[in-house]
Amino acid sequence: KHRNEVLARSKITGGVNLPLVGRALHMIGATSENSIDRIRQFSRENGKIFYTWILHELAIFCADPKILDTLLSSPVNITKNNVYDMLSLWLGDGLLMSTGKKWHTRRKIITPSFHFKILEEFVEIFDRQTNVMVEKLREKARDPNTPLDMFPFVCLTALDIIAETAMGVQVDAQLNPDIGYVNSVKIVTKIISDRLRKPLWRTDSLFKVFAPSIYRRMMKHINEMQSFTKNVIEKRREALEDIISVDQPPSDEEETFTKGSKQHMALLDILLRATVEGRPLSNEDIREEVETFMFEGHDTTTSGTSFALYLISRHPEVQSKLLEEIADVIGTDANTAPTYRQLQDLRYMECVIKESMRLYPPVPIIGRYFAEDTDLNGVVIPGNCHFNIPLFVVLRDPDYFQDANEFRPERFFAENAEDIYPFAYTPFSAGPRNCIGQKYAMLEMKSVISKILRHFELLPIGPDVIPSLSLILRSTTGTQMGLRARNAFQ
Ligand code: HEM
């Protein structure tokens, strides 16, 4: 009753509720493809903030950048809502999921992992793993008239990249996609994305009852991933203990050595060296953070890269400009490995990726939980409420983006970008709880896309994308295009 009163006072409207399940079936229980359109439609009908009931749970959807400004800037309203619970069996209480003091402490420890000195080292890995993809694509690109779904190729490359940069191990996902750790990651991410669309699978207890065999399959693969990660952490700790004392900060040029072989610094190494109140993190603390990187750090960039490639394939004029820029900045030899600075200097590419993430945000929805009544820019949100931010609605808001459905990278040119209201463009979220990996992600996407374009012309063939709502945005038709090998670059 209290929540209804607050909603009425705040003039937050909702719609018809179905008995027992509220509007959940309308919105989420329908198909993954039409959920996006339906939420957009509800937003058009009810305004930028509206509510729905899912059984006894109140869910508010807010796509108003002014309210998001207050919410996302707040260091207090950082607790995630129940949608994230589906990840907890795998990721534990890592950075994405944790709240309060634990989140603050971890965020502080993990931030140096993304220092540019570390990212600089990763550029070589991005390029080397993309070279493997180029060879795989070459085998497939014999006929440019046959459309190819780029998503699985990009996904395996991203997995190879994140495993090597986060854990310092080569899992050879592209060479052996169907075995071991890589297979488990693929299976678990797929099950988690299916769960989001099925209300009866949402909580772990319901999932166990309504889909027992899928639940068991998920747990088997989660256990396999966890033992793999534990093993990597133990070995890496032993190797590091041989060469450093745990509380000694890494020097700028330091590289780690494991069993005599030279290796890159991995994100995991920073965690192994970190201390909280003088004590190192336990292997279990580190495990949840490494698993979080593995999840957040590969599905997101896969989605971002694949949708960008799709849009580039459909806009030949954009493709030509990109090619010109690549030739200017990196040179005309298709095989040259780009440097960190060169990737930074791909300015037009950056605009293309930003615009692509505006139309197809890799993380389409984010959420918070409010335990107490909370005033956000004059709108009171009732306590005990699950708050959802449908980024895919915000990012196409015609009040903030002219011709919001059009692909126009020029929006992000330096001279135009300052007209964009910062909280209308938040594919990496914003404020203290924004994406910690955004610089890494941008570099990786630039590296992968530029390498593909140097080797292949992308052709506008195959079905259009049909975005489907999940924790990470996918397309039910894949991201299809034709590939024609370039004889010579340019
Ligand atoms: C295109 C790629 C990416 C996009 C669009 C993206 C987007 C986001 C968004 C929207 C959030 C906020 C989530 C929320 O509020 O619930 C987030 C958080 C996070 N991201 Fe990313 N991300 C990307 C890549 C990455 C990469 C490559 C990594 C790591 C290597 C990463 C690690 C994280 C972590 C750890 C968090 C939680 C941060 C915190 O709560 O303090 N992300 N990301």
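This tour moves through a predicted model, from the ligand and its iron atom to a sheet and a salt bridge.

**The ligand and its shell**

Begin by selecting the ligand together with the 29 residues around it. Lys 80, Tyr 84, Arg 107, Arg 433 and Cys 435 come nearest to the ligand. By class, this shell is made up of 17 nonpolar, seven polar and five charged residues.

Next, select Tyr 84 and look at its side chain, where an N or O atom is 2.4 Å from an oxygen atom of the ligand. Move to Arg 368: an N or O atom of its side chain is 3.2 Å from a ligand oxygen atom. At Leu 95 the backbone is the part to display, for one of its N or O atoms lies 3.3 Å from an oxygen atom of the ligand.

Now colour the elements that give two or more residues to the shell: helix H6 (100-110), helix H13 (283-296), helix H14 (299-314), strand E8 (365-370) and helix H20 (438-455). Which element gives the most to the shell around the ligand? The answer is H20, with three residues.

**The iron atom**

Select the iron atom of the ligand and then Cys 435. The SG atom of Cys 435 is 2.3 Å from the iron, and this residue is the only protein donor. To place Cys 435 in the chain, follow the loop between helix H19 (414-417) and H20.

**The four-stranded sheet**

Return to strand E8, which contributes to the ligand shell, and display the sheet to which it belongs. Four strands make up this open sheet, in the order E1-E2-E11-E8, with mixed pairing. Strand E1 (49-54) and E8 stand at the edges with a single partner strand each, so one side of each has no neighbour in the sheet. From one strand to the next, the twist averages 25 degrees.

In general, the strands of a sheet pair through backbone hydrogen bonds, and they do so either parallel or antiparallel. Zoom in on E8 and strand E11 (residues 385-390): these two run antiparallel and are joined by six bridges. For one bridge, select Ile 365 and its partner in E11, Pro 390.

**A salt bridge**

How many salt bridges does a search of the whole structure find? The search finds 30, including one between Asp 397 and Lys 48, whose closest N and O atoms are 2.7 Å apart. Asp 397 lies in the loop between helix H18 (391-394) and H19, while Lys 48 lies in the loop between helix H3 (32-46) and E1, so the pair ties together parts that are 349 residues apart in sequence.

Notes:
Residues numbered from 1 in each chain as written. Predicted model: local features only at pLDDT ≥ 70, side-chain atom pairs only at ≥ 80, totals over all residues. Heavy atoms only, no water. Near = heavy atom within 4 Å. Polar contact = N/O pair within 3.5 Å; in protein donor to acceptor, adjacent residues only side chain to side chain. Nonpolar A, V, L, I, M, F, W, Y, C, P; charged D, E, K, R; others polar. Pairing = 2+ DSSP bridges. Axes fitted to C-alpha atoms, helices over the stretch in contact; angles between N-to-C directions. Donors = N, O, S within 2.8 Å, 3.2 Å for Na, K, Ca; no water. Salt bridge = Lys/Arg side-chain N within 4 Å of Asp/Glu carboxyl O.
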